[in-house]
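Welcome, and please open your viewer. We will go from stop to stop, selecting residues and looking at what is there.

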Amino acid sequence: MIAGVGIDVVDVARIKALLDAKGERVLERLLTEEERRYCARKPRPEQHIAVRVAAKEAVFKALSGAPSARGIGWREIEVRTDDDGRPRLLLHGRAGQRAAELRVNHHWLSLTHGDTVAAAVVVLETRE
């Protein structure tokens, strides 16, 4: 059964401008240490940062519907890339608690990015 669906699109240039203005501080606020390491290895890190921001926003939307969801922090949602290239989510802290409230036991995450935009879709499934 579907517990939540979220989608988001992020402008890559907006992320680039944010990085130019705020530097490492913004990365520490938005991304986990593992996400920062992953993005730093890429030729255009702003694309990979943008798609992670889109994914986190999509997860916020999928988890919404209760006051407990409003306090979820950026780093409580983590996007990892499996060895086969598929993205997956790790939910920490309040994000994990909200997922437990919804009885989420599986998720689907799709990411895409190009030169100008990054997008993410997430579907959360529950156990019956």
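Which residue just after α4 takes a positive phi? Select G65: its phi is about 115 degrees. Before moving on, please note that this is a predicted model, in which local features need pLDDT of at least 70 and side-chain atom pairs count only at pLDDT 80 or more, while totals for chains, interfaces and linings use all residues. Residues are numbered from 1 along each chain as its sequence is written, and side-chain values use heavy atoms, with hydrogens and water left out.

**Stop 1: the sheet**

Select residues 2-11, which are β1, and 104-113, which are β4. Add 117-126, which are β5. Helices (H or I, at least four residues) and strands (E, at least two) are DSSP runs, numbered from the N terminus. These three strands form an open sheet in the order β1-β5-β4, with antiparallel pairing. Two strands count as paired if DSSP finds at least two bridges between them. Strands of a sheet pair through backbone hydrogen bonds, either parallel or antiparallel. β1 and β4 are the edge strands, each pairing on one side only. From one strand to the next, the twist averages 10 degrees. Angles run from 0 to 180 degrees between N-to-C directions, and axes are lines fitted to C-alpha atoms, for helices over the stretch in contact.

Now look between β1 and β5: nine bridges join them. Click on I7 and then on V121, its bridge partner in β5.

**Stop 2: helices on the sheet**

Select residues 12-22, helix α1, which packs on the sheet and touches β1 and β5. Its direction makes about 70 degrees with that of β1. Then select 45-63, helix α4, which also packs on the sheet, touching β1, β4 and β5. The direction of α4 makes about 145 degrees with that of β1. Contact here means heavy atoms within 4.5 Å.

**Stop 3: along α4**

Keep α4 selected. This helix has 19 residues and reaches 27 Å from its first C-alpha to its last, close to the 27 Å expected at 1.5 Å a residue. The expected span is 1.5 Å times one less than the number of residues. Is α4 largely enclosed by the rest of the structure or left open? It is largely enclosed, because 16 of its 19 residues are buried. Buried means under 20% relative accessible area, exposed over 50%, and partly exposed in between (1.4 Å probe, protein chains only).

Zoom in on H48, which is found in α4. H48 has a relative accessible area of 11%, so it counts as buried. Leaving out residues up to four places away in sequence, H48 touches Y38, C39, K42 and H113.

Next, show α3 (33-40) beside α4. Two packed helices are described by the angle between their axes and the distance between the axes. For α3 and α4, the angle is about 145 degrees and the axes are 8 Å apart. E35, Y38 and C39 of α3 meet P45, H48, I49, R52 and K56 of α4.

**Stop 4: the core**

Which residues touch the most other members of the largest nonpolar core? Select I49 and V122; this core has 35 residues. A nonpolar core is a set of buried Ala, Val, Leu, Ile, Met, Phe, Trp, Tyr and Cys residues joined through side-chain atoms within 4.5 Å. α4 gives the most to this core, with eleven residues. Beyond its neighbours within four places in sequence, I49 is in contact with I15, L19, L27, L31 and C39.

**Stop 5: a hairpin**

Move to β2 (77-81) and β3 (87-91). They pair in the antiparallel sense over five bridges and form a hairpin with five residues between them. In the turn, G85 has a positive phi of about 95 degrees.

Select E78 in β2; it stands opposite L90 in β3. E78 counts as buried because its relative accessibility is 4%. Its contacts farther than four places away in sequence include T32, E34, E35 and R88.

**Stop 6: α6 and the loop after it**

Select A99 in helix α6, which is buried at 7% relative accessibility. A99 is in contact with L63, L91 and V104, leaving aside neighbours within four places in sequence.

Finish at R103, in the loop between α6 and β4. Most residues other than glycine have a negative phi, and most peptide bonds are trans. R103 is not a glycine, although it has a positive phi of about 65 degrees. With a relative accessible area of 41%, R103 is partly exposed.
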